[in-house]
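User: I would like a close look at one part of this model, namely the way its opening segments pack against one another. Please take me through it slowly, as I am new to this kind of description.

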Amino acid sequence: SFLFGAAIISAPSHRLFEAVGRALGFATGCALGLVGGALGVIAIETGRWYLVFVACFLIGASQGMGQFYRFAATELCDRVEDRSSAVTLVLAGGIVAAFAGPLAAVHSRTLRPIVSA
């Protein structure tokens, strides 16, 4: 479901970026991720397994749109020499997120009673 969402969004996201611009397009991608995350929490809390698939699809679509960040970073560079550094910083952010996400999950386990109350 996650990979399907990322694959399905690739062509429409290009048209969305052309129609509304990169900033609003990326904001739309972030909104898909937020809605998917919230729906995932609801799905787990209510035990509705089919909503997990919808949530994963939306998060995958968000990630699919996020794959365009590196291209946007290169377009913002005035000098050609700076493009490789821009892509490196975007990809480094992904590496930081790969470690920060699981750490946040581990440390947020104690928050569940607060959310359920």
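Which term describes how H1 and H2 lie to each other?

Analyst: H1 and H2 are oblique to each other, because the angle between them falls in none of the named ranges (under 35 degrees is roughly parallel, over 145 roughly antiparallel, 65 to 115 roughly perpendicular, and the rest oblique). The model is a predicted one, in which local features need pLDDT of at least 70 and side-chain atom pairs count only at pLDDT 80 or more, while totals for chains, interfaces and linings use all residues. Residues are numbered from 1 along each chain as its sequence is written, and side-chain values use heavy atoms, with hydrogens and water left out.

To set the scene, the protein has 6 helices and 0 strands (DSSP runs, numbered from the N terminus: H or I of at least four residues for a helix, E of at least two for a strand). Read from the N terminus, its elements follow the order α-α-α-α-α-α, and its C-alpha atoms fill a box of roughly 55 × 30 × 20 Å along the principal axes.

Helix H1 covers residues 2–20, and its axis comes within 7 Å of that of H2, crossing at roughly 135 degrees (axes are lines fitted to C-alpha atoms, for helices over the stretch in contact, and angles run from 0 to 180 degrees between N-to-C directions). On the H1 side Leu-16, Phe-17 and Val-20 take part, and they meet Arg-22, Leu-24, Gly-25, Phe-26 and Thr-28 of H2 (contact means heavy atoms within 4.5 Å). Sorted by class, the residues of this contact are 5 nonpolar, 2 polar and 1 charged (Ala, Val, Leu, Ile, Met, Phe, Trp, Tyr, Cys and Pro are nonpolar, Asp, Glu, Lys and Arg charged, the others, Gly among them, polar).

H1 also packs on H3, at an angle of about 45 degrees and with the axes 7 Å apart, and these two helices are therefore oblique to each other as well. Here H1 brings residues including Phe-2, Phe-4, Ile-8, Ile-9 and Ser-13, and among their partners in H3 are Cys-56, Phe-57, Gly-60, Gln-63 and Gly-64. The residues of this contact divide into 12 nonpolar, 5 polar and no charged. Leu-16 and Phe-17 take part again, so that these H1 residues appear both in the contact with H2 and in the contact with H3.

The remaining pair is H2 (residues 22–46) with H3 (residues 49–66), whose axes lie 8 Å apart at an angle of about 160 degrees. That angle makes H2 roughly antiparallel to H3. Among the H2 residues in this contact are Gly-29, Cys-30, Gly-33, Gly-36, Gly-37 and Gly-40, while H3 contributes residues including Leu-51, Val-54, Leu-58 and Ser-62. This contact has 14 nonpolar, 7 polar and no charged residues.

Some residues link the contacts together. Gly-25 and Phe-26 of H2 are listed in the contact with H1 and also in the one with H3. In H3, Ile-59, Ala-61 and Met-65 are met by H2 and likewise by H1.
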